[in-house]
Amino acid sequence: MEAAVTVNWIAVIIAGAVRFAIGAAWYAPAVFGKKWQEADDIPGKPTEMPAALVVQAIAGLVMAYILARVIGHYGAENLIAGAFVGFMMWLGFVATISLPTVMFEKRKMSLFSIVAGYQLVCLAVMGAIIAVM
């Protein structure tokens with residue numbers, strides 16, 4: 001039987017918080033916010049923002065925890081290796097789910113680029129943080 005993976009909870013909390021901060025910047029109107037709303041046909045300001053932000057924060061912590069376990073099993077111990085594991089998780093799970101969904105729902109490819117691009121950046125940065133801590 002394999003040895004248990006130790007999870008650095010401080011790294012998980014920091015990585016989750018960084019994901020939340022990246023999202024705040026990524027979806028700001030001056031960056032991709034307006035383009036995202038246009039690509040997804042979201043009129044005006046989303047009305048369920050407080051609930052969505054709570055779910056986003058919790059989801060970020062869950063993602064960071066799972067990524068920490070994968071990084072622990074993989075043995076990534078430096079910035080590049082951690083970012084690579086994050087990239088592989090994005091490629092294997094986020095991109096492979098998001099792209100067909102956008103295509104089946106006949107949505108704009110710019111929506112995939114914005115949403116999946118955000119997840120790619122988040123997973124790579126989170127992986128780097130978790131690996132070095």
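**Figure 1. Helix α4 of the predicted model, viewed along its length**. Helix α4 comprises 26 residues, 79-104, and at 1.5 Å a residue these should span 38 Å; the C-alpha atoms at its ends lie 36 Å apart, which agrees with that expectation. The helix is nevertheless bent, by about 40° at Val 94. At the N-terminal end, Asn 78 acts as a cap, with a side-chain oxygen 3.1 Å from the backbone nitrogen of Ile 80.

**Figure 2. The buried residues of α4 and what covers them**. Ala 81, Gly 82, Val 85, Gly 86, Trp 90, Val 94, Ala 95, Ser 98 and Val 102 are the buried residues of this helix. Val 94, the site of the bend, is therefore also among the buried residues. The cover over these buried residues includes α3 (49-74) and α5 (109-132). Ile 97, also in α4, counts as exposed because its relative accessibility is 54%, above the cut-off of 50%. The C-alpha atoms of Ile 97 and Ala 116 are 9.7 Å apart, with a sequence separation of 19 residues.

**Figure 3. Lys 106 in the loop between α4 and α5**. Lys 106 follows α4 and has a positive phi, near 55°. Lys 106 is not a glycine; most residues other than glycine have a negative phi. With a relative accessibility of 76%, Lys 106 counts as exposed.

**Figure 4. Surroundings of Leu 123 in helix α5**. Leu 123 is buried, because its relative accessible area is 4%, and buried means under 20%. Beyond its neighbours within four places in sequence, Leu 123 is in contact with Met 63, Leu 67, Gly 86, Met 89, Trp 90 and Val 94. Gly 86, Trp 90 and Val 94 also appear among the buried residues of α4. Met 103, by contrast, is 20 residues from Leu 123 in sequence and 23 Å away in space, C-alpha to C-alpha.

**Figure 5. Gln 119 in α5 and the largest pocket**. The largest pocket holds about 1,000 Å³ of space. Its lining consists of 37 residues, of which Tyr 27, Trp 36, Gln 56, Tyr 118 and Gln 119 are the closest to the pocket centre. Two or more lining residues come from each of α1 (9-26), α2 (29-39), α3, α4 and α5. Gln 119 counts as buried at 14% relative accessibility. Apart from neighbours within four places in sequence, the contacts of Gln 119 are Arg 19, Met 63, Trp 90 and Val 94. Met 63, Trp 90 and Val 94 are also contacted by Leu 123.

**Figure 6. Val 132 of α5 beside the residues at the start of α4**. Val 132 touches Asn 78 and Leu 79, residues up to four places away in sequence not being counted. Asn 78 is the residue that caps the N-terminal end of α4. Val 132 is partly exposed, with a relative accessible area of 49%. Between the C-alpha atoms of Val 132 and Leu 91 the separation is 22 Å, the two residues being 41 apart along the chain.

Note on methods: Residues numbered from 1 in each chain as written. Predicted model: local features only at pLDDT ≥ 70, side-chain atom pairs only at ≥ 80, totals over all residues. Heavy atoms only, no water. Helix = DSSP H or I, 4+ residues; strand = E, 2+ residues; numbered from the N terminus. Expected span 1.5 Å × (residues − 1). Bend = angle between axes of the 7 residues up to and from the residue. Buried < 20%, exposed > 50% of the residue type's maximum accessible area, 1.4 Å probe, protein only. Contact = heavy atoms within 4.5 Å. Polar contact = N/O pair within 3.5 Å; in protein donor to acceptor, adjacent residues only side chain to side chain. 1 Å grid on protein atoms, 1.4 Å probe; cavity = no way out; pocket = protein on both sides within 12 Å on 5 of 7 lines; lining within 4 Å. Points joined across faces, edges and corners; volume = space filled by probe spheres on them.
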